[in-house]
Amino acid sequence: MSTSALEAKDERARRWRARNQVRTYGKRSFGVLLFALATLAAAAYTAHYIRSFVIAEGWAATPVTVVAALACLLPLVVLALAARALSMSLQAARSSDIYLGRELGAKASDASWKALAYSAALLILCSLAWFLVVNDAAVSRTFFDLALIVKSAGAVLKAFGTNIFIFTVSAVLILVWALIVAMARTLPGEAGKPIRTLAIIYGDLFRGLPAIITIYLIGFGLPLTGLPILKDLSSNAYAIIALTLTYGAYTSEVYRAGIESVHPSQIAAARSLGLSYFKTMRYVVIPLAVRGIVPPLMNNCISLQKDTALVAIIGTIDAFNQSKIIASNNFNLSAVTTVAILFIVLTIPQARFVDKLIERDRKKMRS
C-alpha cells in the first residue's frame, strides 16, 4: 500500500475517532455550578439585608423571615440543577457506552444552560431589590409608599372611570370612522381620485402629528373659536374628538391593509354575480378583511387605552391628573404608581389576548 493511501486511511480513522468522542461539557458544568453558588450567596445576603431593614421599619419579624426564607428557595433549586448538570457530566465521562455518554453529555449541557439562565435572572432581580432599598429605601419611599397607595386608591379608581369612558367611546367611533376613511382611500377609478386624495392627506396629517399636540389644539382651540355647539363641549368630548381623529388615521391604514389583502378573484366573483361596488365591499371584502386584522386592531386598542392619560393636558380630571394632585399634596409619587398599575392590569391581558389571536392565525395558516 502506498504512503498516500496509508495517510488517507489514518486520516479517515482519526476523523472516525473524533466523531465518536463523548463531549461531557465538564468545564461548563463546573463553571455554572460556581456561578450558581455565587448567585445563592448574593440572594441570601440580599434577603438578609432586606429582612433586617423591613423589621427595623416596624414590620413583624416572623412573616418577614418566612418571606426571606422562601426567597432563597429558588436559588437553591437553581443550585441543585447546576449540581445535577455536573453529575451527569461526570457520569458521561465515566460511561463505557458511547451512546449513553453522548446522551448524558447533551443533558448536562442543557441543564447547565438552564441553570446559567436562571442564575443570571436571579442576579438581575437582586440588583433591582438593592435599587429599591439603597439610600434608606429612597426609591421605595418615593414610588411605593403602601400607606399612601391605599389612602389614594379610592380617588384614583374613581377618576380612572373617566379614562375608561373616554377609551370606550373613542374605540367605537374610531372603528367606524377608520372604516369610512379606508373605504374612501380604496375607491377605484378616476371618479374616486378626489376622495382618495383627501383620505391620503388626512392620514398623513394625523399620523404625523403627535397625539398630545392634537389633543392640545382641539382641547384649547375649539373653545376659542366661538363656534356653536363646539365651543360648549366638555373636556371629555374634546379628548374623544382628538383621539378619534388621531387613531382613526392609524386604524384606517390597518383596515386598508386588510382590504388590499383580499384576493382580486373574490372581488371579481362578487361583481360577476351582479353586486355593486359598495355591496361587494359590504358583503364580501370587508368581512374577509376584518378577519385578518383583528390582532393589529387590538394593538391599536391597547395604545389607545394608554394614551387616554394624555387628556390630562387639557384639564380633564382623569386618573393621571388626580394622581398628580395627590402627589403634589403629599410630595410623593406613589399615587402615580397606582395609575401605572391600573393601566398595566388592563393592558397586559389585552396583550396576551393579541398573542393568542396571532398564534391561532398561525395555526390556521400551517394547517
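**Figure 1. A look at helix α12 in this predicted model.** Helix α12 covers residues 294–307, and at 1.5 Å a residue its 14 residues should span 20 Å; the C-alpha atoms at its two ends are 20 Å apart, which agrees with that expectation. If you follow the side chains along α12, you will meet several buried residues, including P295, L297, M298 and N300. Further along the helix, C301, I302, L304 and Q305 are buried as well.

**Figure 2. The helices of the protein chain.** Count the elements here and you will find 14 helices and zero strands. The radius of gyration of the chain is 31 Å, well over the 21 Å that the globule rule gives for 367 residues, so the chain is more spread out than a compact globule. Along the principal axes, the C-alpha atoms fill a box of roughly 95 × 75 × 30 Å.

**Figure 3. Contacts and burial in the protein chain.** Take the contacts between residues at least 6 apart in sequence: 78% of them join residues at least 24 apart. How much of the chain is buried? Buried residues account for 35% of the 367 residues, and in helix α12 they include L297 and I302.

**Figure 4. The surface and charges of the protein chain.** About 21500 Å² of the chain is exposed, and carbon and sulfur atoms supply 68% of that area. For the charges, picture two mean positions, one for the 37 positive charges and one for the 19 negative charges: these two points lie 5 Å apart.

Notes:
Residues numbered from 1 in each chain as written. Predicted model: local features only at pLDDT ≥ 70, side-chain atom pairs only at ≥ 80, totals over all residues. Heavy atoms only, no water. Helix = DSSP H or I, 4+ residues; strand = E, 2+ residues; numbered from the N terminus. Expected span 1.5 Å × (residues − 1). Buried < 20%, exposed > 50% of the residue type's maximum accessible area, 1.4 Å probe, protein only. Rg over C-alpha atoms; globule rule 2.2 N^0.38 Å. Contact = heavy atoms within 4.5 Å. Areas by Shrake-Rupley, 256 points an atom, 1.4 Å probe, with all protein chains shown as cover. Lys, Arg positive; Asp, Glu negative; His and termini not counted. Charge placed at Lys NZ, Arg CZ, Asp CG, Glu CD.
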